[in-house]
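Work through the exercises below with the structure open beside you. Try each task before you read its solution.

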Amino acid sequence: MTERVDLLIIGSGAAGTSAAFAARRADPGLSVLIIGKENRTEYSAPALPDYLSGELELDKVMVRTKEDYDREGIRLHLNDTVARIDPKKRVVKTESGKSFRYENLILATGSLPIQLRRMKGTDLPGNFVMKTVGDIDAMIAYGGKNAVVVGSGAIGLEGSMALKARGYKKVTMVEALDWLSPKSLDKAMSDELTANLNAFGIEVLAGEAVEGVIGETKVEGVVTSRRTIPCDIILWGIGMRPDVELAKTTGIELGELGAVRVDDRMRTNVPHIYACGDCIESVDKLSGKPAVHLFWEPAQRGGTVAGLNCAGLDKAWGGSVAVFLTHKGGLSIVGFGKTEAELDPLKGLVLEERKGKVYRRLHFEDGLLCGVQMINTLDDVDLLFDVITKNALERDRKCRLVKKPEHLDEMTITDVIYWLRKERRAVIL
Amino acid sequence: MTDFMQQRTLYIDTRRCMGCRACETVCKLENDLPAGPRFTMVTEVETGEGTEERLNFLPMPCQHCGDAPCVRACPTGALFKREDGIVLSEQERCIGCHECLWACPFGIPQFGSNGLMQKCTMCFNRIDEGGEPACAHNCPAEAILCDTVENVSRILRERYAKDANRMGGYADKLD
Amino acid sequence: MKLLTYDQTRCNYCGACQIVCSLSKKDRIDPGQARIRIQTAGDGIPLRAAVCQHCEEPVCVTACMRGIIEKDPETGVVRRHFEDCFRCAACHVMCPIGAAVLDEELKAFVTCDLCGGDPVCVKVCPTGALGYADVQESSEAIRTRYARMALGQPGVPVVPGTVLRHTPVTLTKAEESAQWKKISETIGAELGKKVSPAQLKKWSRRIREEETGKEDKV
């Protein structure tokens, strides 16, 4: 028996759930059903490191309880995956054999951790990723004394801090590239971050790739390009990739980066099918180029836009900005926009400043702010974020939205911030 | 950016304005506004005493400022200034944060039923079709001029030259 | 909806709003932790108030990594269940206003909640720079005020630029004493707390000195 639903959402994470709530609120007459892989209501993936460290109990990780969905009239069908979508008949069939006929469908299948399946030893017990609550539960149950964390992105960074906070005696972060998170941080900032992590008791090895995992019946160590590190568990944080399997089998077009292509209204190329969240190809607001942004805010916002549009509104997506942000355990680090490595060498300028534990960098190109990195402070980041976003809009407009300061190279970062504050309120001379 | 003299401006000649509020009315009709918001608003002010007593009127649409404080203050970049000088807001980018209202010395931004910013657009769609804003078009006193700064300046000077004598001693009060 | 309105041309950067906000919410004076913070360019001239604007489409609501921020569909107030905040700082980074503050005691990012409809900062503001009014009415009021000045309404000063430009007002010693005395009394009446005018004056000086980095000789 095929059940009819106005809005069917595949995925119960941030994007799918935001879409559901937005759609129902815009049109309370809409029947909305979410199909979720995990047997859980929406929870906060960014909160998982705190769940791992023991700082948060599970109930504090959950974003919505079953009551929240019931109150809103949103139906849940959990612990099941979609086997097939028939876009012509507009029917979805799940693995358990259920069928749903939809008016509109939102694909919010999210992302999956990249795993090096071909590397020997990565299938042994003791290998972990940090994607779901289940992953954390498994890690906690497994225990151990020594951990190796592979990767220095959000998962690597927060994962290693969480493991140390949890009580692992030795935590070693291994990063294959020359320094930590080079797509977001310049070397000087990475060095600062490394010093902070060292102070937490985390050993950081950069420029070292993991070449193999050793152990007979379980993980016993990691072999890098330079050494062997004995360990009980390995937390792999080498990145996520959009989950586009269902999109591919349905004939939904992918973008050049391999994620689901959507227009500014979150529509895919297939009629009545929208997509949002980690599975889509976004537009980087700052560069104007296609980008895969695996962050919470674009997922929530994209989901909201998709949901509202399925409810008959006409909202625009506008793309997203990649923000590298960690604020926990006494460490705060933020970075967005261009790194120094990405600056045009002829037009680029870097202003930097150190004060105790605080290290800040502002990057300019042709006098316009285009990159920010800060560690151990978050002051004025909101202003800088607005300015960078506005500067990027110059591309689409023929007018200047933010002026360029004169003698920028003689200014300190504080001078720049005061100058930018004054610019917001032009009438004060 | 176009030379300032070529920027469009919306000029109100307060010497001609008699407070009929035709501009307010046609503006509301043109923009389909419900009760509440007025994209141009006429304020009445009494000045003078005795024989000098008079009523003055100031219609206030948007000033479409050359260096618009609202454009500077808008954190999302929704507000921008067109090549021809008209200051507009992209509804899609507006989040209704009111920063433009606090920045505007004149208090022009208003927030409609959808909570997003709305204001005088200088009837840019009429202008783009070769017409003029509804208020300028309908003002019985021809008090509203919508043209480039250069042209408005010229028109005002011409008016002064032609009208000064006919309006009698009024010309003496022009400073 | 009714919002906190800030008239920059009247603000004297006395800091009373920040003093009282922190006192009201935290039971101690800590201007840097107030939910309203007046920003300058390091020269003591107030530019704007960084305080939650209860935006129509709040960026914080979608940025929050725990989904604990929501806009009340009836009142329009954007509020947070800050007891569930795990301090990811996304709201702080992405807020276009700079309204989110990390409260040390609550261990959460917090924003102005308009004191439930009776904002205490408005009550102590000595110059009337802070108000609490409907946003549409505010818009009309500012336009009317400008028109009156422009057309020369009797009693409205036509000093060039008073509507457009802030002119810092230096109070005499007597005026300043009277100002802080009145604020002290208001704090007593509204919050039931005792803060002497001398203490208030000291805090005000501290706020100015921290912002400008210079000794405040007033």
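The exercises go from whole chains to an interface and then to single residues.

**Before you start**

This is a predicted model: local features need pLDDT of at least 70, side-chain atom pairs count only at pLDDT 80 or more, and totals for chains, interfaces and linings use all residues. Residues are numbered from 1 along each chain as its sequence is written, chains are lettered from A and ligands numbered from 1 in the order in which they are written, and side-chain values use heavy atoms, leaving out hydrogens and water.

**Exercise 1. Describe the fold of chain C in numbers.**

Step 1. Count the elements. Chain C has seven helices and eight strands. Helices (H or I, at least four residues) and strands (E, at least two) are DSSP runs, numbered from the N terminus.

Step 2. Test the compactness. The radius of gyration is taken over C-alpha atoms, and the globule rule is 2.2 Å times the number of residues to the power 0.38. For 218 residues the rule gives 17 Å; chain C has 18 Å, which is close, so chain C is as compact as a globular protein of that length.

Step 3. Take the spans. The C-alpha trace of chain C spans about 55 × 40 × 35 Å along its principal axes.

Step 4. Look inside. Buried residues account for 55% of the 218 residues in chain C. Buried means under 20% relative accessible area, exposed over 50%, and partly exposed in between (1.4 Å probe, protein chains only).

Step 5. Check the contacts (heavy atoms within 4.5 Å). Take those in chain C between residues at least 6 apart in sequence: 58% of them join residues at least 24 apart.

**Exercise 2. Do the same for chain A.**

Step 1. Chain A has ten helices and 25 strands.

Step 2. A compact globule of 429 residues would have a radius of gyration near 22 Å; chain A agrees, with 23 Å.

Step 3. Along the principal axes, the C-alpha atoms of chain A fill a box of roughly 70 × 65 × 35 Å.

Step 4. Of the 429 residues in chain A, 58% are buried.

Step 5. Among contacts in chain A between residues at least 6 apart in sequence, 62% join residues at least 24 apart.

**Exercise 3. Characterise the interface of chain C and chain B.**

Step 1. Find the partners. On chain C, 31 residues are in contact with 33 residues of chain B.

Step 2. Give the area. About 2,600 Å² is buried between the two chains, and carbon and sulfur atoms give 66% of it. Buried area is the accessible area (1.4 Å probe) that two parts lose on being put together, summed over both.

Step 3. Look for charge pairs. A salt bridge is a side-chain nitrogen of Lys or Arg within 4 Å of a carboxyl oxygen of Asp or Glu. There are two salt bridges between chain C and chain B. One of them joins Glu140(C) and Arg38(B), with the closest N and O atoms 3.2 Å apart.

Step 4. Name the elements. On the side of chain C that touches chain B, strand S1 (2-6) and helix H5 (135-151) of chain C give two or more residues. H5(C) gives the most, with 13 residues.

Step 5. Sort by class. That side of chain C has 16 nonpolar, nine polar and six charged residues. Ala, Val, Leu, Ile, Met, Phe, Trp, Tyr, Cys and Pro count as nonpolar, Asp, Glu, Lys and Arg as charged, and the others, Gly among them, as polar.

**Exercise 4. Place Asn127(A) in its surroundings.**

Step 1. Asn127(A) is in strand S8 (residues 127-128) of chain A.

Step 2. Its relative accessibility is 15%, so Asn127(A) counts as buried.

Step 3. Leave aside neighbours within four places in sequence. The contacts of Asn127(A) then include Val213(A), Ile234(A) and Trp236(A).

Step 4. Check the side chain. A polar atom of the Asn127(A) side chain lies 2.8 Å from the backbone oxygen of Gly121(A). The side chain also reaches the backbone oxygen of Leu124(A) at 3.0 Å.

**Exercise 5. Examine two residues with positive phi.**

Step 1. Recall the background. Most residues other than glycine have a negative phi.

Step 2. Take Met266(A). Its phi is positive, about 70°, although Met266(A) is not a glycine. Met266(A) is in the loop between strand S17 (260-261) and strand S18 (273-275) of chain A. At 0% relative accessibility, Met266(A) counts as buried.

Step 3. Take His64(B). This residue is not a glycine either, yet His64(B) has a positive phi of about 45°. His64(B) is in the loop between strand S3 (54-60) and helix H2 (69-73) of chain B. With 3% relative accessibility, His64(B) counts as buried.

Technical notes
A polar contact is a pair of N or O atoms within 3.5 Å; within protein, one must be able to donate a hydrogen and the other to accept it, and residues adjacent in sequence count only if both atoms are side-chain atoms.
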